[in-house]
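Here is a friendly note to read alongside the structure. Please keep the 3D view open and find each residue as you go.

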Amino acid sequence: MALCVALALWFGRGEDAAPPTATASQAPAGPQFFGQVPTKSGLAIPDERAERRRQLLENVQLTDHTYCSYREGSKYPVESRPAAQNTDQMQPNQPVTEMNPMRVEGGGSNTNVFLQTSQSRVYLAAGESVAFSLRAVTPQGETVPLVVTRAVAQGMTYGGSRPTPQVALSFADDGGGADPVAGDQAYAGVLAPAQTGLAGFHGTIRTEVRYTAGGRSGFVLFDVIHTPVLPASWTGQVREAVEGGSLQFYLGLEVRQPGRYVITGRVDDAGGRPFALASFNDVLAVGTREVKLTVFGKLLTDEKPALPLRLRDVDGYLLRENVDPDRLLLPRLEGRVFASRMQGLTRVSDAEWESEERARYLTEYEKDRNAARAQLSAFDPGQPLPASACAPVP
């Protein structure tokens, strides 16, 4: 009897331990990366035709932009450009100013003291001078007492070149010379190479100023590029003419050394607003020559400046190729040089600038644009082509 009961209990436990069967509603284990595939619409297949049309349309837009950008950018010659495109060159005689943490002797910097510096110019023609100034301030802008302990200028030489003489400079805060205000803790000094042992040096002249401020010793460096001889000098003769539909300024120049001269002048309108940058870049022979600075006709008709125009701040140099320094400087003409007498634009042309190079580039860019438009038209003849950004096209 006991044996029968035990057998019954054994078989009953075996039935209970049978493994469960999976049901259709049970979620699978692990992450799911994709959703269920739709039964009707299916997966989205890229439209190859639409993609190809998009590529052709982008090519039409790109070639049109290239053509129009070049045409717009080259409608004035390179020697006569709007002032708005050359703002960095319109005030060549403004001092170069900086403010940096105080550089201390032995390396590093003192961020509790900042040094304000300025120099009146970077390039020095023969006979010109440059003014330096420095002042120490806190990060909040309060002045810090400063004492200049040493200031020395010397030409930078390299390799086996002999070192140049050292020239001591005097810095003062007395309201005289290059220092406009006495007692404001701004110290100024002047370097005039022609009056020192550096008169014949051609290249970079470095001025090292050592000082104390905020209880620590610091230093600052000023560099200028000096030309010891003048390759040409201005005669003082200036005239104007309207030629080829443009306004021309002619400046007399006595050339002593032949070569390629690069000369730049700034042109303001009657109200003193910068209007144009006029430049000259050509080879001149020895003798009395004229430098032509052009204000292009279409630039005048497009911008319509208040007349008369004024030429000012002319500078230039003789380019020296494959040598360092690469230029011999002309004496600069600071301030107003000449006031035009032209009162109207009746003789001025509104035609775009033309040259063999410009025509060649425009022809090639137009070929690219027309080819791109033809490809798009052949691919999708039923759709109109996009309009050009600058000119009618076939």
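1. **A place to begin.** Ala 359 lies in helix α4; helices (H or I, at least four residues) and strands (E, at least two) are DSSP runs, numbered from the N terminus. Is Ala 359 buried or exposed? Neither label fits: Ala 359 is partly exposed, because its relative accessible area is 40%. Buried means under 20% relative accessible area, exposed over 50%, and partly exposed in between, with a 1.4 Å probe and protein chains only. Along the sequence, Ala 359 is 288 residues from Arg 71, while their C-alpha atoms are 9.7 Å apart in space.

2. **What kind of model this is.** The model is predicted: local features need pLDDT of at least 70, side-chain atom pairs count only at pLDDT 80 or more, and totals for chains, interfaces and linings use all residues. Residues are numbered from 1 along each chain as its sequence is written, and side-chain values use heavy atoms, with hydrogens and water left out.

3. **Two helices side by side.** Helix α2 (residues 48–73) and helix α4 (residues 356–379) have axes that come within 9 Å and cross at roughly 160°. Axes are lines fitted to C-alpha atoms, for helices over the stretch in contact, and angles run from 0 to 180 degrees between N-to-C directions. The two helices α2 and α4 are therefore roughly antiparallel; angles over 145 degrees earn that label, under 35 count as roughly parallel, 65 to 115 as roughly perpendicular and the rest as oblique. The crossing of α2 past α4 is left-handed, a term used if the near helix is turned anticlockwise from the far one by less than a right angle.

4. **The whole chain.** The protein chain has four helices and 19 strands. Of its 394 residues, 36% count as buried. Contact means heavy atoms within 4.5 Å. Among contacts with a separation of 6 or more, 64% are between residues 24 or more positions apart.

5. **A three-stranded sheet.** Look for the open sheet with the order β12-β13-β16 and antiparallel pairing. Two strands pair if DSSP finds at least two bridges between them. The edge strands are β12 and β16, each pairing on one side only. Neighbouring strands of this sheet are turned by 25° against each other on average, direction ignored.

6. **The strand in the middle of that order.** How many of the 10 residues of β13 (residues 246–255) are buried? Nine are, so β13 is mostly covered. Nine bridges join β13 to β12 (residues 232–243), and β13 also pairs with β16 (residues 287–295) over nine bridges. Try tracing Tyr 250: this residue is the bridge partner of Arg 239 and stands opposite Lys 292 in β16. Another pair to find is Ala 241 with Gln 248 in β13. Between β12 and β13 there is a hairpin with two residues in between, and Gly 244 in the turn has a positive phi of about 60°.

7. **Nonpolar cores.** A nonpolar core is a set of buried Ala, Val, Leu, Ile, Met, Phe, Trp, Tyr and Cys residues joined through side-chain atoms within 4.5 Å. The largest one has 32 residues, and Phe 249, Leu 253, Tyr 261, Ile 263 and Leu 293 touch the most other members. Elements giving two or more residues to this core include β12, β13, β16 and α3 (297–303). A second, separate core has 27 residues, among them Leu 134 and Val 220. Those two residues are also among the contacts of Thr 117, leaving out residues up to four places away in sequence. Thr 117 sits in strand β3 (residues 109–119) and is buried, with a relative accessible area of 12%.

8. **Unusual backbone spots.** Most residues other than glycine have a negative phi, and most peptide bonds are trans. Asp 313 is not a glycine, yet has a positive phi of about 45°; Asn 322 is another such residue, with a positive phi of about 65°. Asp 313 is buried, at 9% relative accessible area, whereas Asn 322 is exposed, at 80%. The peptide bond from Leu 307 to Pro 308 is cis, with omega near 5°, and a cis bond also joins Asp 324 and Pro 325, with omega about 0°.
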